[in-house]
Amino acid sequence: MCCTGKCARLVGLILLPSAFICMIANLLLFFPDGKSLENDQISLQVWLMGGLIGGGLFMLCPSCSAIRAGGKGCCGTGCCGNRCRMLNSVFSSAFGVVGAIYCTSVASAGLAIGPKCLVNGEWIYPFEETSASNTSYLTNQTLWTVCEKPNNAVMWHVVLFSMLLAMGLLQLVLCGIQVVNGCLGCICGDCRDSKDEDGGL
């Protein structure tokens, strides 16, 4: 049988680095090609900060809660302590689901609309109209040359928003797993022996 405590700890240990990846990716989006831009030259989807808020800050609470659910915590040890920590992780993971949905939604919109870049002297979204047609800039890289500045703006945008989308989906699955796992832990308790609480996962 899979131990709910070990499962919770594993989920938390994966969620924590994914949160930092989301925050770093979102911060890098503010500096396309490593260049600093004016506020009005940065796309709306970057300012929505889906990775920094949804996939990052929102995910710190469920990740730490899941890790604590897999070990000793403030609620003590034993049957009651395990159930208390598992119940806490259920609510935290539900909060994490909201953050993950926000992250994936913003990332999806960012990929659909495309970057904001300089075209014929104006800062616009050159690929916004193509998203409604059969031709997508994601599959037709010859369209990327439309952006004059910043250099490699489209590549920077696509790679980082793709990372946010992937991390957001991963976090959504993991938080969903922990909600179910935490409910099972509340009802059934942790299958681990007390001697296993201090070691391993």
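These are legends for a few close-up views of a predicted model. Residue numbers start at 1 in each chain and follow the sequence as written, and side-chain values use heavy atoms, with hydrogens and water left out. Because this is a predicted model, local features need pLDDT of at least 70 and side-chain atom pairs count only at pLDDT 80 or more, while totals for chains, interfaces and linings use all residues.

**View 1. The whole chain, with its five helices and two strands.** Helices (H or I, at least four residues) and strands (E, at least two) are DSSP runs, numbered from the N terminus. Going along the sequence, the order is α-α-α-α-β-β-α. Of the 201 residues, 44% are buried; buried means under 20% relative accessible area, exposed over 50%, and partly exposed in between (1.4 Å probe, protein chains only). Take the contacts (heavy atoms within 4.5 Å) with a separation of 6 or more: 78% of them link residues 24 or more positions apart.

**View 2. A nonpolar patch made by Ile21, Met155, Val159 and Met163.** This bit of surface covers about 310 Å², with areas from the Shrake-Rupley method (1.4 Å probe; for residues, only the protein chains shown count as cover). Patch residues have over 30% relative accessible area and no salt bridge (a side-chain nitrogen of Lys or Arg within 4 Å of a carboxyl oxygen of Asp or Glu); like charges are joined within 9 Å, and nonpolar side chains (Val, Leu, Ile, Met, Phe, Trp, Tyr) within 5 Å. Helix H5 (residues 153–188) chips in the largest share, three residues. Met155 sits in helix H5 and counts as partly exposed because its relative accessibility is 42%.

**View 3. Asn88 in helix H4 (residues 78–113).** The Asn88 side chain makes a polar contact with the side chain of Ser65, at 3.1 Å. That term means a pair of N or O atoms within 3.5 Å; within protein, one must be able to donate a hydrogen and the other to accept it, and residues adjacent in sequence count only if both atoms are side-chain atoms. Asn88 has 42% relative accessibility, so it counts as partly exposed. Cys183 is 95 residues away along the chain, yet its C-alpha atom is 10.0 Å from that of Asn88.

**View 4. Where the predictor is less sure: residues 73–78.** Here pLDDT (the predictor's confidence in each residue, from 0 to 100) stays under 50, and the model has 12 contacts beyond four places in sequence for this stretch. Residues 196–200 also fall below 50, with seven contacts beyond near neighbours in sequence.
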